[in-house]
Amino acid sequence: QDHCYAERLKPSTIQFKQYAFDCHLGPVFGHLPLDEISNADVQAFKASHQATSAHHVNNLLCSLNVAAKKAVEWGVIEYVPFRIQLLKSPPKEMPFYDFDVYNDIVKAARGIDHRVYVHVLLGGDAGLRAGETRGLQWPDVEFERNRLHIRRNRWRGQDVVPKGGRGRYVPMTKRLRAALETQEAVGDDTLYVLVRDDGEPLSRRTNQQWMQKAERAVGIEPKGKCHILRHTFCSHLAIKGAPAKAIQELAGHAQLTTTMRYMHLSPQARDSAIALLDEVDE
């Protein structure tokens, strides 16, 4: 833990590492010195987690690997005695709302509560993560430059840096800007753009409840998963032909490979590829 705090890792990252070692790695490998863990031990660990998703098992294995590499770096052991081979993990599905459904949700949200309306637009028109929506403060809304400065993520009552460790700027759509101007006018001098009825910053549960209200209003099963708004933002940009690099920067993806999961939706990308064949001299 001291290393995690010294390296200023995000609270969520520290929590996962603690969970990984307390609940999974410790019970299996805790009785062995790091330099005595073998490839066979690692394979046995994989075999004992058949019911766990490949993605989750890979995260656990990466935590073990990082611990061993740090032990070498600090001179605790001479070398890492095992080799981590990650499980093949199918790409995650990226569910999103089509244009008509999203617009219906926007309209419904506006009729429920202006805060719900702003909440939906921050996700679907600006691509903010739920924690970034909770952490957005009025100084981050730069009306004079028509953009949002995304520089914090609110996680379990704490303001931390956004995922990826860096902030970003996102231009505002016309309706998002208008919604925020209205929200500012009716606000009560709160620091955060969106607050609960008691004036306190949003909680994750409030995010989910607001999303459920909007879904229920348009006849969608109310799951309350706010991340679908962010997927909708990225998917709509891809469908409209936005370059992958632009989507990456707007969404704040650390890796372009994350953005590329949306690019199969881009008809422009496919049309451009086929057009290359027309350039070949017959």
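Q: Which residues are linked with Asp 113 in a network of salt bridges?
A: Welcome to this predicted model, in which local features need pLDDT of at least 70 and side-chain atom pairs count only at pLDDT 80 or more, while totals for chains, interfaces and linings use all residues. Residues are numbered from 1 along each chain as its sequence is written, and side-chain values use heavy atoms, with hydrogens and water left out. A salt bridge here is a side-chain nitrogen of Lys or Arg within 4 Å of a carboxyl oxygen of Asp or Glu, and Asp 113 meets Arg 115 in one at 2.9 Å, N to O. The residues linked with Asp 113 in the network are Arg 115 and Asp 197.

Q: Is Arg 115 buried or exposed?
A: Let's start with the scale: buried means under 20% relative accessible area, exposed over 50%, and partly exposed in between (1.4 Å probe, protein chains only). Its salt-bridge partner Asp 113 has 24%, so Asp 113 counts as partly exposed. Arg 115 has a relative accessible area of 15%, so Arg 115 is buried.

Q: Which residue meets Asp 125 in a salt bridge?
A: Asp 125 lies in the loop between helix 6 (114-124) and helix 7 (130-135), and the partner lies in helix 8 (residues 174-186), so the pair ties together parts that are 50 residues apart in sequence. Helices are DSSP runs (H or I, at least four residues), as are strands (E, at least two), numbered from the N terminus. Asp 125 is buried at 9%, whereas its partner is partly exposed at 30%. That partner, at 2.9 Å (N to O), is Arg 175.

Q: In what order do the 3 strands form the open sheet?
A: Two strands pair if DSSP finds at least two bridges between them. Strand 2 (residues 147-150) is joined to strand 5 by 4 bridges, and these two run antiparallel. The edge strands, each pairing on one side only, are strand 1 (141-142) and strand 5 (168-171). The order is 1-2-5.

Q: Over the ring of which residue does the charged end of Arg 147 sit?
A: Arg 147 is a good residue to find on the model: it stands opposite Pro 171 in strand 5 and meets Glu 142 in a salt bridge of 2.5 Å, N to O. A charge sits over a ring if NZ of Lys or CZ of Arg is within 6 Å of the ring centre and within 35 degrees of the ring normal. For Arg 147 the distance to the ring centre is 3.7 Å, and the ring belongs to Tyr 169.

Q: Which residue caps the N-terminal end of helix 5?
A: Helix 5 (residues 99-112) has buried residues that include Tyr 102 and Ile 105. At its N-terminal end, a side-chain oxygen of the capping residue lies 3.2 Å from the backbone nitrogen of Asp 100. The cap is Asp 98.

Q: How far apart are the ring centres of Phe 29 and Phe 45?
A: Rings of Phe, Tyr and Trp (its six-membered ring) pair if their centres lie within 6.5 Å; planes under 30 degrees apart count as stacked, over 60 as edge-to-face and the rest as tilted. Phe 29 is buried at 6%, and Phe 45 is buried at 0%. Their planes are at 40 degrees, so the pair is tilted, and the ring centres are 5.4 Å apart.

Methods. A polar contact is a pair of N or O atoms within 3.5 Å; within protein, one must be able to donate a hydrogen and the other to accept it, and residues adjacent in sequence count only if both atoms are side-chain atoms.
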